[in-house]
Amino acid sequence: CPSSPKHPSTPSEKCGVLNVTKITEHGKKVRKNWASTWTVLQGSSLLFAKGQGSGTSWFGGSQSKPEFTVDLRGGSIEWASKEKSSKKHVIELKTRVGTELLIQSEIDSVINDWYRALSETINTHAWE
Ligand code: I3S
């Protein structure tokens, strides 16, 4: 993965296109809005940029500002229940500040790798 302009010396651990929607913001339910989203895991942050399709030109490219960033420290993930989404392979990510996201890919191996990477990050940075 390319590194972000904010932390040019920190290579990102993982990146790719996932389907993402917020479901809760600061503890309050919000309307789902699934979007294909360029997603980057970097340190204890998960960065999202909408509308990038399958391109990889975000970092180092013209759009240098991530649309949305979540701090994974103190967060948790689990596989989403059927009530949360009818889609397959959905990860539910809860942050310490009460934002909940659903993260999905049609490809099992892709979503399983993300699940593993996010769990590791959360465990590694839990006590910072
Ligand atoms: O949890 P919901 O309300 O069944 O989520 C679905 C809706 O957000 C729907 O959009 P509108 O009802 O705003 O038109 C989406 O198109 C669906 O994808 C959502 O459900 P899934 O099960 O796909 O997460």
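H26 counts as exposed, because just 9 C-beta neighbours fall inside 10 Å of it, and the cut-off for that class is 12 or fewer. The residue sits in the loop between β1 (14-25) and β2 (28-29). Its backbone is a bit unusual on paper: H26 is not a glycine, and yet its phi is positive, at about 50 degrees. All of this is read from a predicted model.

A second histidine makes a handy companion to H26. H89 likewise has a positive phi without being a glycine, here of about 55 degrees. The loop that holds H89 runs between β6 (76-79) and β7 (90-94). Is H89 buried or exposed? With 20 C-beta neighbours inside 10 Å, H89 counts as buried, since 20 or more is what that class asks for. So one of these positive-phi histidines, H26, is exposed, while the other, H89, is buried.

Stepping back to the overall layout, the protein has one helix and eight strands. Read from the N terminus, the order is β-β-β-β-β-β-β-β-α, with the strands coming ahead of the helix. Of the 128 residues, 25% count as buried. As for how the chain meets itself, take the contacts with a separation of 6 or more: 48% of them link residues 24 or more positions apart.

Now to the interior. The largest nonpolar core is made up of 18 residues, and V20, I91, L93, L101, I103 and W114 have the most contacts inside it. Two or more residues come from each of β1, β3 (35-42), β4 (45-50), β7, β8 (100-104) and α1 (108-124). Which element gives the most to this core? That is β4, with four residues. The helix α1 is thus on the list of contributors alongside strands.

I103 offers a good view of how the core is put together. Setting aside neighbours within four places in sequence, I103 is in contact with L18, V20, I91, L93 and W114. Several of these partners, including V20, I91, L93 and W114, are also named among the residues with the most contacts inside the core, as is I103 itself.

Finally, the ligand. The residues around it are K32, W34, S85, S86 and K87. By character, this shell divides into one nonpolar, two polar and two charged residues. The two lysines, K32 and K87, make up the charged part, the serines S85 and S86 the polar part, and W34 is the nonpolar member, because Lys counts as charged, Trp as nonpolar and Ser as polar.

Technical notes: Residues are numbered from 1 along each chain as its sequence is written. This is a predicted model: local features need pLDDT of at least 70, side-chain atom pairs count only at pLDDT 80 or more; totals for chains, interfaces and linings use all residues. A residue is near a molecule or strand if its C-beta atom, placed from the backbone, lies within 6 Å of it. A nonpolar core is a set of buried Ala, Val, Leu, Ile, Met, Phe, Trp, Tyr and Cys residues joined through C-beta atoms within 7 Å. Two residues are in contact if their C-beta atoms, placed from the backbone, lie within 7 Å.
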